[in-house]
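Hi,

Here is the structure I promised to pass on. Have a look, and my notes follow below.

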Amino acid sequence: STESVESLAQYGHRANHYLRGRKSDAWEGGHRVPFIAHWPARIPAGTVCDETLCLTDFLATFAALTGKNLPDNAGEDSYNLLPAFFDETYESPIREGTVAHSIDGVFAIRQGRWKLIDSPGSGGWSSGGGNAPKPGDPPVQLYCMVADVREQRNLWDQHPEIVEELKALLERYKAQGHSRRRAS
């Protein structure tokens, strides 16, 4: 509940550190988690990779690791991340876009540095207007995740072309029912 989260915060506990939102929200606090890979024989120690990944990617990654090919109808949103893990040269980014959504079905799409939330609110349980946008709020949220990981500066009106590109990509994914590029 909101009360328990707020009472924990008063004691200095913030489960999502400085990120906005929490589980159920389209904001980063509802989705972002660290990922650490340790494989001394294959992954160089101390390497950092900026590749966006999703838990769904483990299916294609493990399939590739075991030498198996996924059929087109399996793991439709899964990408093989081994090139990123092994610090190989690859076409960047591996994922064209990453989709998330809130508990109430508000969609967010991340592509490179940009994240679009296709709603004025978070679609989740966060207090402070997460589910209840105010009259006059912008219709969508656009954040530069490199400069503003805390999602404090909505840039939707400064970059309408990026809003339209991300909306079109999200609509394409919805229409085709998957995000992974199909084998030709």
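Helices (H or I, at least four residues) and strands (E, at least two) are DSSP runs, numbered from the N terminus. This is a predicted model, in which local features need pLDDT of at least 70 and side-chain atom pairs pLDDT 80 or more, while totals for chains, interfaces and linings use all residues. Residues are numbered from 1 along each chain as its sequence is written, and side-chain values use heavy atoms, without hydrogens and water.

Let me start with the sheet. It is open, with 4 strands in the order 1-2-3-4 and antiparallel pairing (two strands pair if DSSP finds at least two bridges between them). Strand 1 (98–101) and strand 4 are the edges, each pairing on one side only. Strands 1 and 2 (residues 107–111) are joined by 4 bridges, and Thr 98 has Arg 110 as its bridge partner in strand 2.

Helix 4 lies across strands 1, 2, 3 and 4, at about 110° to strand 2. Contact here means heavy atoms within 4.5 Å; axes are lines fitted to C-alpha atoms, for helices over the stretch in contact, with angles from 0 to 180 degrees between N-to-C directions.

The largest nonpolar core (buried Ala, Val, Leu, Ile, Met, Phe, Trp, Tyr and Cys residues joined through side-chain atoms within 4.5 Å) has 13 residues, and Trp 114, Leu 116 and Ile 162 are among those touching the most other members. Buried means under 20% relative accessible area, exposed over 50%, partly exposed in between (1.4 Å probe, protein chains only). Helix 4 gives the most to this core, with 6 residues.

Finally, the cysteines: Cys 144 is buried at 8% relative accessibility, whereas Cys 54 is partly exposed at 21%.

Best wishes
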